[in-house]
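Please read the description below with the sequence and the model side by side. Aromatic contacts, enclosed space, one sheet and a few single residues are taken up in turn.

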Amino acid sequence: MHSVRLMSALCARIQCTSPARCGALAQLQLRQYAAEKCDSVIKGVVVGVYAKEGDRPPKMTSSGEKFDDRVQGKITELIRETGLKGELGKGRVFMNVDAEFRAVAVVGLGQEGVGFNDLEMIDEGMENARVAAGVGARALQLQGCTDVFVDSMEYAEQAAEGSALAIYRYNTNRRRRDRTHIPKLELYDSPDSDAWTRGLFKAESQNLARRLADTPANQMTPSIFAQSTVDALCPCGISVEVRGMDWIESKNLSSFLMVAKGSCEPPVILEISYCGTAPEDKPILLLGKGLTFNSGGLCLRPKNCLSMYRGCMAGAASCVGVIRAAAALSLPVNVTAVLPLCENMASGMGAKPGDIVSLLNGKTLGFVDVSKAGVVAMADPLLYAQTTFKPRMVVDVATVGYSVCPALGGAAAGIFSNSNFVYKQFEKAGGLTGDRVWRLPLWRYYKELISPNETFDISNRGRGPASSCIAAAVLHELVPCVDWAHLDIRNVGMLTRYNPLPYLLKDRMTGRPTRTIVQFLFQMACPDRK
């Protein structure tokens, strides 16, 4: 269990070491994937095979062919004998084929030479490499391999992402002897080590978000989340400021406090700054919803699914992962994140349905449905962050509306934006990372649903079933004149129940869409690079 050291020193500005250290440190951490030291080293290798076309038999990748030559054609013979056809994500594990590698996973990559699919809005070549590498690495993990070498499959970065995401496990609360061992990953037979390392950095940032979101609420309170963020980002030279109750009250962040006051856990607001270019350049602002547990308050949620609402801080967790990846990759962009962290609990101190709060912009917000606390907790922090940091762009990440779940399932995050350019950049980023976004409407129609009567200016619930669109309309009222995107990750950032991505785990937190936001930041920082 994490120790909490939020003393007065943490409430001041925390600036640690040089950002240049982050790459070396992250690389060291990434290459030490083993959860515990093993007495013996068991090596395995993952190689890819393309699907057969017509009369042509399945074709191995270039690295696979070299390995096949190394073992005198045994892999080709085994592929023929077992009837492998190279179908995506399907393969076999062969034992004792090579003296050095005890296990060899041969995994299908699908058709050779596929690229971007406009209808699917995804680069299939990249995604196929993630799937094949992830399936192979996980198979060797379950075979007890301590060191897994992965074929680049012509996409070293994506192979690293898929394999590192697939072998990750949240094991902290299991007995050590019952934990699934996490092997060390290495690139097999490819000179593209830089791309491989980039992929590991991105996957590790998503795994960090997965760990934060999957941790039980009693072990990831606002204070513990703040300490975990300091521990994760401080060695990368990132500035972290931990703001406590006195500061929050002095800034009149009333909407946030209205949600937080129902819990005994003290609220915290984190201000995180990564400076990748000239300090005077305007930053991109990230705002992540950080309800470390959302019981629904007095509008209590059903008991059968209550435990999953520990993941209501998935937006804040993703922002932490994004900034860590930005520092590890040395992205030439300034990024500031504001993370309001609290619990929404039912108590005598909690907000009551129908309560009204005055926001920093002078408007009043009606807290009609206490279970929909996300936009209320984000309202004043969002206004404060725009005034304080004067960003060139705002991206908020939150689990707010249930309607995005039946609308999109786990296929894509819902995105709302007042800028076609910003949306197009996110669409492109999602296509490259395999973690897609889908634009939902931000029409005046929905704004009319959040002003139902004369008692207050904005309702947190509005009228009708379009909860995601209504929540976006509330947030849009708070972002008057800057490019803005709202990512509703209620369906992808929490538990994956149906058809999870092959390199993620069913019924576990996903850390999505961390890599898509990282890719978006790269596109903003380097618009001329493809």
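The paragraphs that follow begin with the ground rules and then move from ring pairs to empty space, strands and single positions.

This is a predicted model, in which local features need pLDDT of at least 70 and side-chain atom pairs count only at pLDDT 80 or more, while totals for chains, interfaces and linings use all residues. Residues are numbered from 1 along each chain as its sequence is written, and side-chain values use heavy atoms, with hydrogens and water left out.

A pair of aromatic rings is described by the distance of the centres and the angle of the planes. Here rings of Phe, Tyr and Trp (its six-membered ring) pair if their centres lie within 6.5 Å, and the planes count as stacked when under 30 degrees apart, as edge-to-face when over 60, and as tilted for the rest. The count by this rule comes to 9 aromatic pairs. One of them joins Phe67 and Phe101 in an edge-to-face arrangement, with 6.0 Å centre to centre and 65° between the planes. Phe67 belongs to helix H2 (residues 62-70) and Phe101 to the loop between strand E4 (91-95) and strand E5 (103-108), so this pair ties together parts that are 34 residues apart in sequence. Helices (H or I, at least four residues) and strands (E, at least two) are DSSP runs, numbered from the N terminus. Phe67 and Phe101 are both buried, where buried means under 20% relative accessible area, exposed over 50%, and partly exposed in between (1.4 Å probe, protein chains only).

A second example has another geometry: the rings of Phe426 and Phe520 have centres 4.0 Å apart and planes at 10°, so the pair is stacked. Because Phe426 lies in helix H13 (residues 420-433) and Phe520 in helix H16 (residues 514-525), the pair ties together parts that are 94 residues apart in sequence. Phe426 and Phe520 are likewise both buried. Ring pairs also link Phe67, Phe101, Phe149 and Tyr188 into a cluster. A contact of another kind is found where the charged end of Arg301 sits over the ring of Tyr309, 4.3 Å from its centre; the rule asks for NZ of Lys or CZ of Arg within 6 Å of the ring centre and within 35 degrees of the ring normal.

The next topic is empty space. On a 1 Å grid over the protein atoms alone, a cavity is a set of points where a 1.4 Å probe fits but cannot get out, whereas a pocket is an open set with protein on both sides within 12 Å along at least five of seven lines, and lining residues have an atom within 4 Å of a point. Grid points are joined across faces, edges and corners, and a volume is the space filled by probe spheres set on the points. There are 2 cavities of 30 Å³ or more, and the largest has a volume of about 80 Å³. Its lining includes Lys372, Val400, Asn460 and Arg461. Helix H11 (374-389) and helix H15 (467-476) are the elements that give two or more residues to this lining, and H15 supplies the largest share, 3 residues. Of the residues of H15, 10 of the 10 are buried, so this helix is largely enclosed by the rest of the structure.

Which residues lie closest to the centre of the second largest pocket? Among the 22 that line this pocket, they are Glu157, Arg198, Lys202, Gln519 and Phe522. The second largest pocket holds about 490 Å³ of space, and the largest share of its lining, 4 residues, comes from H6. Helix H4 (124-142), helix H5 (156-167), helix H6 (193-214), H13 and H16 each supply at least two lining residues.

Turning to strands, 3 of them form an open sheet in the order E15-E16-E20, with mixed pairing; two strands pair if DSSP finds at least two bridges between them. Strand E15 (355-358) and strand E20 (458-459) are the edge strands, each pairing on one side only. Strand E16 (residues 364-367) pairs with E20 in the parallel sense over 2 bridges, and Leu365 stands opposite Ile458 in E20.

Two single positions complete the tour. Met349, in the loop between strand E14 (334-344) and E15, counts as exposed at 58% relative accessibility. Glu343, placed in strand E14, counts as buried at 9% relative accessibility. The C-alpha atoms of Glu343 and Arg198 are separated by 35 Å, with these positions 145 residues apart along the chain.
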